[in-house]
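I opened this notebook to keep track of what I looked up in one structure, going from the whole chain to single residues. The entries are in the order in which I made them.

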Amino acid sequence: MGKFEVKQVKSGYQFNLKAGNGEIIAVSEVYTTESACLNGVESIRKNAPEAPVEDQTVEGFETLKHPKFELYLDKAGEYRFRLKAKNGEIIATGEGYKAKAGCLNGIDSIKRNAPESPVVKVEE
């Protein structure tokens with residue numbers, strides 16, 4: 001099982017969702033307060049499991065309603081994803097992947113890990 005690691009950073013609070021193997025599979029924005037950060041964790045738990053994937057790497061892709069994962073190519077040509085909440089706000093982003101399949105595996109890992117993952121506070 002994975003875990004959400006909540007930590008204080010210079011400008012607020014941030015969390016990483018880690019898979020059971022310790023790999024970071026999603027990173028949050030920086031929140032101003034710890035409670036806002038914990039609300040972000042709850043938003044991922046609620047939205048990720050059922051969120052469809054909008055594949056923006058294919059021509060003429062269908063625009064889906066929020067919440068959703070957006071799969072896209074970054075400027076370096078790597079596949080990335082972001083999870084958007086019902087209000088359209090980005091609540092988590094993933095790392096760059098060389099292959100589309102790796103990026104889709106990252107999304108699947110979030111869907112599997114997020115609902116049951118405990119929150120752990122870490123010190124930097």
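The entries below begin with the overall fold and go on to charges, salt bridges and a few single positions.

**Entry 1: the fold**

I note at the outset that this is a predicted model. I looked up the secondary structure and found 2 helices and 8 strands in the chain, which follow one another along the sequence as β-β-β-α-β-β-β-β-α-β. The radius of gyration came out at 14 Å, close to the 14 Å that the globule rule gives for 124 residues, so the chain is as compact as a globular protein of that length. For the extent along the principal axes, I recorded that the C-alpha trace spans about 45 × 30 × 25 Å.

**Entry 2: burial, contacts and surface**

I next looked up burial, and 44% of the 124 residues of the chain count as buried. I then took the contacts between residues at least 6 apart in sequence, of which 41% join residues at least 24 apart. The exposed area of the chain is about 7,000 Å², and I noted that carbon and sulfur atoms supply 48% of that area.

**Entry 3: charges**

How many positive and negative side chains does the chain have? I counted 18 positive and 19 negative ones, and the centres of the two sets lie 1 Å apart. A search of the whole structure for salt bridges returned 12, and I followed some of them in the next two entries.

**Entry 4: a salt bridge within helix α1**

I looked first at E42, which forms a salt bridge with R45, with 2.5 Å between the closest N and O atoms. Both residues belong to helix α1 (residues 34–47), and because they are 3 residues apart there, about one helical turn separates them. I also checked the accessibility of E42, which at 41% relative accessibility counts as partly exposed.

**Entry 5: salt bridges between β5 and β6**

I turned then to E70, and asked which residues it pairs with and where they lie. R82 forms a salt bridge with E70, the closest N and O atoms being 2.5 Å apart. Since R82 lies in strand β6 (residues 79–84) and E70 in strand β5 (residues 68–73), this pair ties together parts that are 12 residues apart in sequence. I checked burial as well, and both R82 and E70 are buried.

E70 forms a salt bridge with K84 too, here with 3.5 Å between the closest N and O atoms. K84 lies in strand β6 and E70 in strand β5, so this pair ties together parts that are 14 residues apart in sequence. Buried here means under 20% relative accessible area; E70 has 4% and is buried, and K84, with 17%, is buried as well. Following the links outward, I found E54, K68, E70, R82 and K84 joined in a network of salt bridges.

**Entry 6: K3 in strand β1**

I looked up K3, which lies in strand β1 (residues 3–9) and, at 31% relative accessibility, counts as partly exposed. Leaving aside residues up to four places away in sequence, K3 touches N16, L17, K18, S117, P118 and V120. I also took the distance from K3 to A99: the two are 96 residues apart in sequence, and their C-alpha atoms are 25 Å apart in space.

**Entry 7: the peptide bond before P67**

Is the peptide bond from H66 to P67 cis or trans? I found that this bond is cis, with omega near 0°. As background I noted that most peptide bonds are trans. P67 itself is found in the loop between β4 (53–55) and β5.

**Entry 8: Y97 in a loop**

My last position was Y97, placed in the loop between β7 (90–93) and α2 (100–113). Is Y97 buried or exposed? Y97 has a relative accessible area of 13% and is therefore buried. Not counting residues up to four places away in sequence, I listed its contacts as E78, Y79, F81, G102, C103 and G106. For one of these, E78, I also recorded the distance: Y97 and E78 are 19 residues apart in sequence, and their C-alpha atoms are 5.3 Å apart in space.

How values were computed:
Residues numbered from 1 in each chain as written. Predicted model: local features only at pLDDT ≥ 70, side-chain atom pairs only at ≥ 80, totals over all residues. Heavy atoms only, no water. Helix = DSSP H or I, 4+ residues; strand = E, 2+ residues; numbered from the N terminus. Rg over C-alpha atoms; globule rule 2.2 N^0.38 Å. Buried < 20%, exposed > 50% of the residue type's maximum accessible area, 1.4 Å probe, protein only. Contact = heavy atoms within 4.5 Å. Areas by Shrake-Rupley, 256 points an atom, 1.4 Å probe, with all protein chains shown as cover. Lys, Arg positive; Asp, Glu negative; His and termini not counted. Charge placed at Lys NZ, Arg CZ, Asp CG, Glu CD. Salt bridge = Lys/Arg side-chain N within 4 Å of Asp/Glu carboxyl O.
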